[in-house]
Amino acid sequence: MKVAVNDIPSEGKELSFSDTAAEPRDLGPQVEAVVAAPCAQLRLERVGELITAKGTYAAELVLACSRCLGPVPLRLEGELDWAFRPLGQEDREEVELAEDELELSFYEDGQVDLTQALRDEMGLALPMAPLCRDDCSGLCPVCGKPVKQGEPCCRRNKIDPRWAKLAQLKK
Ligand SMILES: [Zn+2]
Ligand SMILES: [Zn+2]
């Protein structure tokens with residue numbers, strides 16, 4: 001969703017939007033599926049060329065466990081506190097920006113890209129190494145199946161992996 005800066009009245013503007021076009025990879029490499037599209041409720045305000053947006057967002061995702069690649073359902077929600085300036089001013093206002101505690105983004109062509117801002121925000125909020133369980137044992141190094149508990153299956157069963165397929169066929 002893009003908002004034209006000129007459409008934001010001086011008294012501010014409330015809006016909500018859903019990013020229904022978001023693909024898992026738009027949000028992060030660890031995202032496997034988007035169950036409920038990211039949605040945000042925002043209040044936009046304009047002071048001169050500075051646009052601020054405050055609000056909340058939520059999404060339901062499935063991440064891939066960083067050890068076994070199994071599904072990790074995640075409801076992601078958080079607060080938004082953005083500020084946007086027109087691109088091209090950063091040089092002139094370098095000093096001011098450095099002292100500013102707001103997280104600043106930029107907009108181009110008089111339009112603020114809220115969808116991209118939300119995707120960036122979520123990408124930062126996602127766990128870098130999600131786990132399906134705190135004690136996930138990862139994958140068996142021999143057959144590549146998830147390890148249920150403790151020892152990898154192939155070591156526990158003492159089956160030579162070359163015979164594992166044959167043993168399965170016999171069953
Ligand atoms: Zn896992
Ligand atoms: Zn195994």
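This is a dialogue on how to read a predicted model of one protein chain.

Reader: Where do I start, and which elements does the chain hold?

Author: Start with a count of helices and strands, then their order. The protein chain has five helices and seven strands. Read from the N terminus, the elements run β-β-α-β-β-β-α-β-β-α-α-α. The chain has 171 residues, and 17% of them are buried.

Reader: How do I read a sheet, and what is the order of the strands in the sheet here?

Author: List the strands as they lie side by side, then find the edges. Here five strands form an open sheet in the order β2-β3-β4-β5-β6, and the pairing is mixed. At the edges are β2, residues 13-18, and β6, residues 104-107, each of which pairs on one side only. On average, neighbouring strands of this sheet are turned by 25° against each other, direction ignored.

Reader: The pairing is mixed. Which pairs run antiparallel, and how many bridges join them?

Author: Take the pairs in turn. Strands β3 and β4 run antiparallel and are joined by 13 bridges. Leu 42 stands opposite Gly 55 of β4. Strands β4 and β5 are also antiparallel, with 14 bridges, and Ala 64 has Pro 71 in β5 as its bridge partner.

Reader: In what sense do β5 and β6 pair?

Author: Strand β5, residues 71-86, pairs with β6 in the parallel sense, over four bridges. One position to look at is Arg 85, whose bridge partner in β6 is Phe 106.

Reader: What should I look for in the hairpins?

Author: Look at the residues between the strands and at their phi angles. The hairpin of β3 and β4 has two residues between the strands, and Gly 48 there takes a positive phi near 60°. The hairpin of β4 and β5 has six residues between its strands. In that turn Leu 69 has a positive phi of about 70°, although Leu 69 is not a glycine.

Reader: Is Leu 69 buried, exposed or partly exposed?

Author: Count its neighbours. Leu 69 has 15 other C-beta atoms within 10 Å, so it is partly exposed. A residue counts as buried at 20 or more and as exposed at 12 or fewer.

Reader: Which other residue that is not a glycine has a positive phi?

Author: Asp 109 is one, with phi near 55°. Asp 109 lies in the loop between β6 and β7, the latter being residues 111-113. Asp 109 is exposed, because it has 10 other C-beta atoms within 10 Å.

Reader: And where is Cys 65, and what does it touch?

Author: Cys 65 is in the loop between β4 and β5. It counts as buried because it has 20 C-beta neighbours inside 10 Å. Leaving out residues up to four places away in sequence, Cys 65 touches Gly 70, Val 72, Pro 130, Leu 131, Cys 132 and Cys 136. Cys 65 and Cys 132 are 67 residues apart along the chain, yet their C-alpha atoms are separated by 5.3 Å.

Reader: How do such long links count in the whole chain?

Author: Take the contacts between residues at least 6 apart in sequence. In this chain, 55% of them join residues at least 24 apart.

Reader: How do I read a helix that lies against a sheet?

Author: Check its span, its direction and its buried residues. Helix α3 has twelve residues and reaches 16 Å from its first C-alpha to its last, close to the 16 Å expected. Helix α3, residues 114-125, lies across β2, β3, β4, β5 and β6, and runs at about 130° to β5.

Reader: Which residues of α3 are buried, and why are they on the same side?

Author: In α-helices, residues three or four places apart point the same way, because there are 3.6 residues a turn. In α3 the buried residues are Leu 114, Ala 117, Leu 118, Glu 121 and Met 122. They cover an arc of only 130° around the axis, so they are on the same side of α3.

Reader: How do I read a nonpolar core?

Author: Nonpolar side chains tend to be buried together in soluble globular proteins. The largest nonpolar core here has 23 residues, and Ile 51, Val 112, Leu 114 and Leu 118 have the most contacts inside it. Strands β3, β4 and β5 and helix α3 each give two or more residues to this core. Its largest share, six residues, comes from β4.

Reader: What does Leu 114 touch?

Author: Apart from residues up to four places away in sequence, Leu 114 touches Met 1, Lys 2, Val 3, Phe 17 and Leu 42.

Definitions and conventions. Residues are numbered from 1 along each chain as its sequence is written. Chains are lettered from A and ligands numbered from 1 in the order in which they are written. This is a predicted model: local features need pLDDT of at least 70, side-chain atom pairs count only at pLDDT 80 or more; totals for chains, interfaces and linings use all residues. Two strands pair if DSSP finds at least two bridges between them. Axes are lines fitted to C-alpha atoms, for helices over the stretch in contact, and angles run from 0 to 180 degrees between N-to-C directions. Two residues are in contact if their C-beta atoms, placed from the backbone, lie within 7 Å. A nonpolar core is a set of buried Ala, Val, Leu, Ile, Met, Phe, Trp, Tyr and Cys residues joined through C-beta atoms within 7 Å. The expected span of a helix is 1.5 Å times one less than its number of residues. The arc is that of the directions from the helix axis to the C-beta atoms.
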